[in-house]
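Here are my notes on this one, as numbered points. Have the viewer open while you go through them.

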Amino acid sequence: MSDIRSTYTDSLNFYGSHTPLELAETYGTPLYIYNEGILRERCRDLMTLTSHPGFGVNYSVKANANPALLRIIRQEGLVVDAMSPGELFMDELAGFTAGEILYISNNNSPEELQNALAHGLLVSVDSLSQLDALGRLNRGGKVMVRFNPGIGAGHHAKVITAGKETKFGVTPDKMDEVFALLAEHRMTLAGINQHIGSLFMEPDGYLEAAAVLLHLAQSLPGNALEKLEIIDFGGGFGIPYRKYEQQPRLDLAELGRRLHELLSGWARKTGYAGRFLIEPGRYVAAECGVLLGRVHAVKNNGDKRYVGTDLGFNVLVRPAMYDSFHDLEIYRRPGERAPSQEPQLQTVVGNICESGDILAKDRLLPVMREGDVLGVLDAGAYGFVMASNYNQRRLPAEVLIQSNGTARLIRRRETLEDLARGFAGL
Ligand code: LLP
């Protein structure tokens, strides 16, 4: 093999019939690479979580919205969410139809709500004022309400989306007001949903919150439960980012078993025959993606060895934004290998003019040098979608390694002209 740290991707044949060096040369770096086989496998893990009738997976498109990936996800039988006109546009480009898209959003303008309705979507609102606004646009129609179960979870305060300290959801103590607004606008509560936060590695919190939502469904006033078509428990399913430390995976078999018991027991008790959804983003998309970049400079500043790359936080913001850990691989041609050296503590940085532009801090890794290609693992979720043009850098290209092992460009790198596209009066 041509690489000096690649056992993880080697074990999966991640790059198919290509090598990362060849892909970096052909398409340039930074470059997002996705593996179709892994994406399909992750979809199947979730689709088979429980065999309860009506169970389905609602992929949360915010994690990765490339239509080429969305098409594959659709083939695997998942439905999708949208939370903005842009996500809805991507869903439709990928072939999803109105019945396969749920609009799960917050703080929309009337125009955005109208747009979702015009596309025939069921809309989930997360405040009384949005319920009122939707009611005025959709009198006599159906609506979903996002509740805040009072339990939050997540890998960082910025991604915990339930509990007292977040902006999300309607708290259950507002139930009377919810039903007063439903009555005023003659609307039917067709669904309830929640999302407690992003990245849990143990099933308990998720299941506990699911039970809370089911309890809430059961205590809806009058015959509202009979009219309910969808109960959506949200996403948050975590993936192990510490691949080289053999971090254990979320135990989906256990989660599935317990979820199955919970859902079938509850449905038997209440007679509910509607749909149950989960709403994962990261679990579906993260592990099928690797971000390739190149080392352009190395130096020692004080005691620290810095490895300077083209992987700035404009390309992958997670480490700078949440202190997130992504494992790294290092690829180098055999003829260019340095004599073996002890691994060293190194800090990998990008090419953005900010001191917070750090991809990986103080990592014990083989000594890197100019020209090396780096692979940032688990970059498929919240990677490209959070990339920006900061410092007037262009958005990277995206390539799919198809099931037959060949590479296909699914998004070209931005050009300088793309950067000027929106200017007026030049
Ligand atoms: N449903 C709703 C309403 C959400 O807001 C989210 C994520 C999901 C589902 C999917 O959550 P997941 O299964 O991916 O955890 N940028 C952060 C994650 C932010 C998540 C935002 N909402 C990160 O890079 O870790």
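1. Start with helix 9 (residues 204-218) and helix 11: their axes come within 11 Å and cross at roughly 10 degrees. That makes helix 9 roughly parallel to helix 11, where the label covers angles under 35 degrees, with over 145 counting as roughly antiparallel, 65 to 115 as roughly perpendicular and the rest as oblique. Axes here are lines fitted to C-alpha atoms, for helices over the stretch in contact, and angles run from 0 to 180 degrees between N-to-C directions. Helices (H or I, at least four residues) and strands (E, at least two) are DSSP runs, numbered from the N terminus.

2. Who makes that contact (heavy atoms within 4.5 Å)? Helix 9 brings D204, Y206, L207, A210, A211, L214, A217 and Q218, and helix 11 answers with L255, R258, L259, L262, L263, W266, K269 and T270. By class, the contact of helix 9 with helix 11 has 11 nonpolar, two polar and three charged residues. The classes are Ala, Val, Leu, Ile, Met, Phe, Trp, Tyr, Cys and Pro as nonpolar, Asp, Glu, Lys and Arg as charged, and the others, Gly among them, as polar.

3. A word on provenance before going on. This is a predicted model, in which local features need pLDDT of at least 70 and side-chain atom pairs count only at pLDDT 80 or more, while totals for chains, interfaces and linings use all residues. Residues are numbered from 1 along each chain as its sequence is written, and side-chain values use heavy atoms, with hydrogens and water left out.

4. Now the barrel. Eight strands close up in the order 3-4-5-6-7-8-9-10, with parallel pairing; two strands pair if DSSP finds at least two bridges between them. Direction ignored, neighbouring strands of this sheet are turned by 30 degrees against each other on average. Helix 11 (residues 252-270) packs on the sheet, where it touches strand 3 (55-59), strand 9 (230-232) and strand 10 (275-278), and its direction makes about 155 degrees with that of strand 10. For one pair inside the barrel, look at strand 6 (residues 122-125) and strand 7 (residues 142-146), which are parallel over two bridges. There, S124 stands opposite M144 of strand 7.

5. Next, helix 3 (residues 36-47) on helix 4 (residues 67-75): the angle is about 45 degrees and the axes are 10 Å apart. Helix 3 and helix 4 are therefore oblique to each other. Their crossing is right-handed, that is, the near helix is turned clockwise from the far one by less than a right angle (anticlockwise would be left-handed). E36, L39, R40 and C43 of helix 3 meet L69, I72, I73 and Q75 of helix 4. In the contact of helix 3 with helix 4 there are five nonpolar, one polar and two charged residues.

6. Helix 4 also packs with helix 5 (residues 85-93), with axes that come within 8 Å and cross at roughly 60 degrees. Helix 4 and helix 5 are therefore oblique to each other, and this crossing is right-handed. P67, L70 and R71 of helix 4 touch M90, D91 and L93 of helix 5. The residues of the contact of helix 4 with helix 5 comprise four nonpolar, no polar and two charged.

7. Further along the chain, strand 11 (residues 289-301) and strand 12 (residues 304-309) run antiparallel, joined by six bridges. K299 has Y306 of strand 12 as its bridge partner. The two strands form a hairpin with two residues between them, and G302 in the turn has a positive phi of about 60 degrees. Strand 12 also runs parallel to strand 14, with three bridges; V307 stands opposite V348 in strand 14.

8. For the electrostatics, the count comes to 24 salt bridges, each a side-chain nitrogen of Lys or Arg within 4 Å of a carboxyl oxygen of Asp or Glu. One to inspect is E25 with R333, at 2.5 Å, N to O. The pair links distant parts of the chain, 308 residues apart: E25 is in helix 2 (residues 20-27), and R333 is in the loop between strand 13 (328-331) and strand 14 (344-349).

9. Two backbone spots deserve a look. T29 and P30 are joined by a cis peptide bond, with omega about -5 degrees; P30 lies in the loop between helix 2 and strand 2 (31-35). D362 is not a glycine, yet has a positive phi of about 45 degrees, and D362 is found in strand 15 (residues 358-365).

How values were computed
Contact means heavy atoms within 4.5 Å.
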